[in-house]
Amino acid sequence: GGVVPRAMGNAHPSIAPYETFDTADRPLALAVGNDGQFRSLCGLLNLPVLAADPRFATMRDRCANMDELDEVIGNITRHLPKEEVFQKLVKVRIPSAPVRSLKEVVNDPHLHQRGMLRWIDHPEYGRMVVPATPIRFADQPLPEYQPSVPLGSDTRRVLREKLGLS
């Protein structure tokens with residue numbers, strides 16, 4: 001199928017489609033929150049028959065027939081490039097986002113510019129990306145990153161200072 005396995009399990013959804021769909025190159029998350037967005041999606045995917053199908057007429061109907069709906073949408077999206085579908089979804093204001101690879105996230109200029117990620121030179125592992133704390137206070141600099149220490153490096157000090165052992 002054209003759908004990445006559902007993370008919701010047996011939960012009863014209140015929005016459909018609300019799923020991650022395969023595209024020709026990478027998955028794309030999609031959340032269609034109302035009937036107008038659904039009609040826009042049908043137009044975008046050239047599926048007027050889907051918009052007219054009584055199984056999908058309302059949000060309640062779409063939720064009740066979610067598996068069939070996801071299959072139809074997935075059969076279309078899996079043949080289309082992710083970026084093309086995403087840009088069209090943005091234009092019609094349907095909440096969506098490409099699922100990015102780890103390499104894409106680690107090298108995201110915006111995340112680095114905002115200080116959410118930073119490159120460090122780790123004494124043991126070399127050059128690597130680490131996350132910064134998401135907790136921010138006005139007019140306070142971010143704390144300096146402290147690389148992890150090797151396992152057991154504090155054992156002698158803890159035994160001596162905290163337990164009084166030699």
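At 32% relative accessibility, Glu104 counts as partly exposed, a class that lies between buried (under 20% relative accessible area) and exposed (over 50%), computed with a 1.4 Å probe on protein chains only. The model is a predicted one, in which local features need pLDDT of at least 70 and side-chain atom pairs count only at pLDDT 80 or more, whereas totals for chains, interfaces and linings use all residues. Residues are numbered from 1 along each chain as its sequence is written, and side-chain values use heavy atoms, with hydrogens and water left out.

Glu104 takes part in a salt bridge with Arg26, and the closest N and O atoms of this pair are 3.7 Å apart. The pair links distant parts of the chain, 78 residues apart: Arg26 belongs to the loop between strand 1 (18-21) and strand 2 (28-31), while Glu104 belongs to helix 6 (residues 102-106). Helices (H or I, at least four residues) and strands (E, at least two) are DSSP runs, numbered from the N terminus. Like its partner, Arg26 is partly exposed, at 27% relative accessibility.

How many salt bridges does the structure hold? There are nine salt bridges, each one a side-chain nitrogen of Lys or Arg within 4 Å of a carboxyl oxygen of Asp or Glu. As a reminder of the chemistry, side chains of opposite charge can pair when their charged atoms come close. Among the nine is the bridge of Arg100 and Asp108, whose closest N and O atoms are 2.5 Å apart. Here Arg100 is partly exposed, with a relative accessible area of 36%, but Asp108 is buried, at 12%. Another salt bridge joins the side chains of Arg157 and Asp154, at 3.9 Å from N to O. Arg157 has a relative accessible area of 35% and is partly exposed; Asp154, at 37%, also counts as partly exposed. Beyond the pairs, Arg26, Lys82 and Glu104 are joined into one network by salt bridges that share partners.

The strands on either side of the Arg26 loop also belong to a sheet. This is an open sheet of three strands in the order 1-2-3, with antiparallel pairing, where two strands pair if DSSP finds at least two bridges between them. Strand 1 and strand 3 (96-98) are the edge strands, each pairing on one side only. From one strand to the next, the twist averages 10°, with axes taken as lines fitted to C-alpha atoms and angles running from 0 to 180 degrees between N-to-C directions. Three bridges connect strand 2 and strand 3 in the antiparallel sense, and Leu30 stands opposite Ser96 in strand 3.

The cysteines come next. The structure holds zero disulfides, a disulfide being a pair of cysteine sulfur atoms within 2.5 Å. Why is the sulfur of Cys42 without a bond to the closest cysteine sulfur, in Cys63? The sulfur of Cys42 is 14 Å from the one in Cys63, which is too far for a bond. Cys42 is buried, with a relative accessible area of 2%, and Cys63 is buried as well, at 15%.

The rings complete the account. The charged end of Arg62 sits over the ring of Phe38, 4.3 Å from its centre; the criterion is NZ of Lys or CZ of Arg within 6 Å of the ring centre and within 35 degrees of the ring normal.
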